[in-house]
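The following exercises concern salt bridges, burial and helix geometry. Each task is followed by a solution worked in steps.

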Amino acid sequence: MLWRRNLLVPLAALALALTASAGAGTASASASASTDPAMVAAAPPTPAPSDFGAPGPYATAVEVGAITTLYYPRDIADSDRRHPVIVWGNGTGGFPLVYRKLLLHWAGQGFIVAAANTPQSNLGISMRAGIDMLTRRNADPGSVFFDHVDLENIGASGHSQGGAAAIVVGSDPRVDAVLPIQPGPLANINTVRVPTLLLAGQKDSIVFPALVKAFYNAADHIPALYGEVRGANHFTVVGDPGPFAAPTTAWFRAHLMGDRTAHAQFFGPGCGICTDTATWSDVRRNSLALSVPATTP
């Protein structure tokens, strides 16, 4: 399809241009985790940040596997909490390295990001494999992830073809929130049963905003929001995620960590994205999203 051909060359070229340096290193998988019964699942770090685009409190690590690349808090083996999961799908021809800064940003906020290595992610198979792998690692006493993965709070996200894959994976009963970024058209949002934030770029000439709005308009069975990032093209999220970092972080903190400050960015009459006209050229919330009550911090 034309949108795939237009995307393949620039993403593949960017993947080759970027270096593979992880910055934070790769943590050992040999340390065992604490099994303290007081361990908190899905609780946000204290204090919760109000600037969701700012770096989080965790140093990060990267583990590159055959199917999945993991981005996660480096000292997770010694953490006093279980960490929610975000599964990620790449755009056509892309690899996790292309989105490294965004994925590390989420890891710094306390998430475990399982990024599918495939450049053809639309079916969501590798994204689901990331959940399966973390389920095994969470049960393995020899893993740094042992008893530190919050498998009750899992989100799905991705860009372009990977955004469509996030919608596909949104039908998985293990997934609790979906965030497709400029999703390609090969997905059926009617199979999603969890809150969904659909992001478009105002100046995207590959996945036009109208295509993302079509998903939003069809999502009348779930709380759905549409956000159009002012001035963004299809590759604004690539490399430095810029204006995509804060809202994506807030969405997952709200739904996977129970962060009430983040929740207020999307719900209630004075929601943060509703009033931020500098970032957003268009924001829409369907009737089910409008019915979600505001939560004060």
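A salt bridge is taken here as a side-chain nitrogen of Lys or Arg within 4 Å of a carboxyl oxygen of Asp or Glu. The model is predicted: local features need pLDDT of at least 70, side-chain atom pairs count only at pLDDT 80 or more, and totals for chains, interfaces and linings use all residues. Residues are numbered from 1 along each chain as its sequence is written, and side-chain values use heavy atoms, with hydrogens and water left out.

**Exercise 1.** Determine which parts of the chain the salt bridge between Arg128 and Asp172 links.

Solution. Step one: the two side chains form a salt bridge at 3.3 Å, N to O. Step two: Arg128 belongs to helix H3, while Asp172 sits in the loop between helix H4 (161–169) and strand S7 (177–181), 44 residues apart. Helices (H or I, at least four residues) and strands (E, at least two) are DSSP runs, numbered from the N terminus. Step three: Asp172 is buried at 7% relative accessibility, whereas Arg128 is partly exposed at 24%. Buried means under 20% relative accessible area, exposed over 50%, and partly exposed in between (1.4 Å probe, protein chains only).

**Exercise 2.** Analyse the salt bridge between Asp147 and Arg82 in the same manner.

Solution. Step one: the N to O distance is 3.4 Å. Step two: Asp147 is in the loop between helix H3 (125–138) and strand S6 (149–159), and Arg82 is in strand S4 (residues 81–89), so the contact ties together parts 65 residues apart in sequence. Step three: Asp147 is buried, with 18% relative accessibility, and Arg82 is partly exposed, at 24%.

**Exercise 3.** State what the salt bridge between Asp282 and Lys213 ties together.

Solution. Step one: these side chains meet at 3.7 Å, N to O. Step two: Asp282 lies in strand S10 (residues 280–285) and Lys213 in helix H5 (residues 209–218), so parts 69 residues apart in sequence are tied together. Step three: Asp282 is buried, at 17% relative accessibility.

**Exercise 4.** Compare the expected span of helix H6 with the distance between its end C-alpha atoms.

Solution. Step one: the expected span is 1.5 Å times one less than the number of residues. Step two: for the twelve residues of H6 (residues 245–256) this gives 16 Å, and the end C-alpha atoms are 16 Å apart, which agrees. Step three: eleven of the twelve residues are buried, so H6 is largely enclosed by the rest of the structure. Among the buried residues are Trp251, Phe252 and Leu256.
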